[in-house]
Amino acid sequence: MNVDRARFFAEERWTGGVIGLGYVGLPLAVTMVENGLRVVGYDRSENRVAELNRGVSPVEDVSSDQLSSALASGLSITDEEEALAASDAIFICVPSPLGRNREPDLSYIESAAETVARVVRPGMLVSLESTTYPGTTEDILVPAVSAGGLAIDEDVFVAFSPERVSPGAEMKTGDISKVVGGVSAISTEVAAAAYRRVVASVYPVSSARTAEMAKLLENTYRAVNIGLINEMAQLAHELDISIWEVIDAAATKPFGFQAFYPGPGVGGHCIPLDPQFLAWRAKEANFATRFIDLAEQVNTKMPAYAATRVADLLNRSGLPVFGTKVLGVGIAYKPDIADDRESASIEVLRELERRGAAVAVLDPVVGSARIAEHGFEPVTPDDDLTGYAVAVLLTDHEMLDLEKIAAEAPIVLDTRGAYRRAGLQLDNVETL
Ligand SMILES: NC(=O)c1ccc[n+]([C@@H]2O[C@H](COP(=O)([O-])OP(=O)(O)OC[C@H]3O[C@@H](n4cnc5c(N)ncnc54)[C@H](O)[C@@H]3O)[C@@H](O)[C@H]2O)c1
């Protein structure tokens, strides 16, 4: 059965089931169809399902054309979980946020596991892709899958394989090597065979826990290095040295140095959150994660630091923050995407509002409607910017007209080094 099952996933035209059709699940479903497989995509949100069935993709990494052709060639999308029973392999791509006290909120994974328990049948592979603490696949998925009497490795196969896409980045789901760790050697083999049909390369590891921790290490590494460079940026400012020039110089070393850049804080739903899964699990083991805690302390203070730098610039011109018109440029959590979840840019602007500034926002990628939803006054690229005392560049979208902003706003604080990268040396632009 086991060897046969790996061969089945390697050779047959099987049906994949995807639970959760968001930033991760939808690209995975479409990639599977593009590789000749059939896919049942299940999402419990009726609105999401209706939108997708109209051929409208809410995710940057899948165009509506791509979605429509997938719908015409093997992808079916539904909000009825029973449809998943037709799948040979189920991939769980539901959210895994943090709760109020920054503890993992596993409710989505638990509810997806309950769905799997209701539709699982002999021969199925079940793979969890949601980012989570090491041990989740064994703690939550294995009991759910085997509750009805199916035996792991005899009847069903269970694995964890983290998704590593970065929305908006050039490398898409199928291009990035997939780390795959089963709850046993047999499950790893079966899962690796399935993933090889979908992605360019697969990297099997010895356990689901290893795969779970590998994902958390990747993002903890980023959070810690960003924390380090954010601290260095503050020190360099004190010493009247440009951190950007320092980084460029250090990056000429051909080995042993990887450039990270400062900014107004870390955002998005991965870098600020993922290390907390490790920190939470470490606490249970009575282990102190000092690097994670330190990086979080530094990074979460960056929005207030950026706001203080805006205040300092205004002060130099004899202006208070209170009652002054400030233009925030960019509220997405990173360039060239419309996603503003957990964005540090918004934190900077909220801090300025708390200090009494009148904040308006220019972000042509996020768009005016969403800006207004946040309670900020929206500004469009053609608007006159001369009425703002200061512009603070928070997200460096490619499409921003940097020259226009600096020509019209009397002072600019560039928290991303965008002017420097564009080769624009302007007297009224200060870099973080
Ligand atoms: N977005 C990213 O860039 C990214 C990158 C790597 C890893 N991840 C991880 O992938 C996971 C999914 O993230 P996402 O950004 O795709 O989330 P998302 O919010 O974009 O999409 C999740 C979808 O799951 C649906 N859903 C929730 N619970 C469900 C359930 N029980 N049954 C069926 N559908 C359900 C929601 O309606 C939603 O459409 C998370 O663990 C996240 O940390 C995300």
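Let's start at Val-116, which sits in helix 5, the stretch from residue 107 to 119. Keep in mind as you look around that this is a predicted model. Val-116 counts as buried, because 24 other C-beta atoms lie within 10 Å of its own and the cut-off for being buried is 20 or more. Which residues does Val-116 touch, leaving aside those up to four places away in sequence? They are Ile-90, Val-126, Ala-144 and Val-145. For a sense of scale, try finding Met-232 from here: it is 116 residues away from Val-116 along the chain, and the two C-alpha atoms are separated by 47 Å.

Next, go to helix 7, which covers residues 185-196. At 1.5 Å a residue, its 12 residues should span 16 Å, and that agrees with the model because the end C-alpha atoms are indeed 16 Å apart. Is helix 7 mostly covered or mostly open? It is mostly covered, with 9 of its 12 residues buried. The buried ones are Ser-187, Thr-188 and Glu-189, then Val-190, the alanines Ala-191, Ala-192, Ala-193 and Ala-194, and finally Tyr-195. What does the covering? Among the elements lying over these buried residues are helix 1 and a set of strands: strand 4 (89-92), strand 5 (125-128), strand 6 (157-160), strand 7 (178-182) and strand 8 (202-205).

Helix 1 deserves its own look. Made of residues 2-11, it packs against helix 7 at an angle of about 15°, with the two axes 7 Å apart. Helix 1 is therefore roughly parallel to helix 7, since angles under 35 degrees count that way. Their crossing is right-handed. On the helix 1 side, the contact is made by Asn-2, Arg-5, Ala-6, Phe-9 and Ala-10; on the helix 7 side, you'll find Ile-186, Glu-189, Val-190, Ala-193, Ala-194 and Arg-196. Sorted by class, this contact has 7 nonpolar residues, 1 polar one and 3 charged ones. Notice that Glu-189 turns up twice in this part of the story: it takes part in the contact with helix 1, and it is one of the buried residues of helix 7.

Now move further along the chain to helix 8, residues 208-238, and see how it meets helix 10: their axes come within 8 Å and cross at roughly 110°. The two helices are therefore roughly perpendicular to each other, and helix 8 passes helix 10 in a left-handed crossing. Leu-216, Asn-219, Thr-220 and Ala-223 from helix 8 meet Asp-274, Pro-275, Phe-277 and Leu-278 from helix 10. That contact divides into 5 nonpolar, 2 polar and 1 charged.

Helix 10 has another partner, helix 11. Here the axes come within 10 Å and cross at roughly 140°, which makes helix 10 oblique to helix 11. This crossing is left-handed. Pro-275, Leu-278 and Ala-279 in helix 10 meet Ile-292, Asp-293 and Glu-296 in helix 11; by class, the residues are 4 nonpolar, no polar and 2 charged. So who is shared? Pro-275 and Leu-278 appear in the contact with helix 8 and again in the contact with helix 11.

Between helix 10 (274-284) and helix 11 there is a loop, and Asn-286 is in it. Asn-286 has a positive phi of about 60° although it is not a glycine. Is Asn-286 buried or exposed? It is exposed, because just 6 other C-beta atoms lie within 10 Å, and 12 or fewer is the cut-off for that label.

Asp-336 makes a good companion. It lies in the loop between strand 9 and helix 12 (344-354), and its phi is also positive, at about 65°, although it is not a glycine. With 15 C-beta neighbours inside 10 Å, Asp-336 counts as partly exposed.

Finish at Leu-319, in the loop that links helix 11 (290-316) and strand 9 (325-329). Leu-319 is partly exposed, with 17 other C-beta atoms within 10 Å. Beyond residues up to four places away in sequence, Leu-319 touches Leu-314, Thr-324 and Ala-389. Ala-389 is 70 residues away along the chain, yet its C-alpha atom and that of Leu-319 are separated by 8.5 Å.

Methods: Residues are numbered from 1 along each chain as its sequence is written. This is a predicted model: local features need pLDDT of at least 70, side-chain atom pairs count only at pLDDT 80 or more; totals for chains, interfaces and linings use all residues. Axes are lines fitted to C-alpha atoms, for helices over the stretch in contact, and angles run from 0 to 180 degrees between N-to-C directions. Helices (H or I, at least four residues) and strands (E, at least two) are DSSP runs, numbered from the N terminus. Angles under 35 degrees count as roughly parallel, over 145 as roughly antiparallel, 65 to 115 as roughly perpendicular and the rest as oblique. A crossing is left-handed if the near helix is turned anticlockwise from the far one by less than a right angle, and right-handed if clockwise. Two residues are in contact if their C-beta atoms, placed from the backbone, lie within 7 Å. Ala, Val, Leu, Ile, Met, Phe, Trp, Tyr, Cys and Pro count as nonpolar, Asp, Glu, Lys and Arg as charged, and the others, Gly among them, as polar. The expected span of a helix is 1.5 Å times one less than its number of residues.
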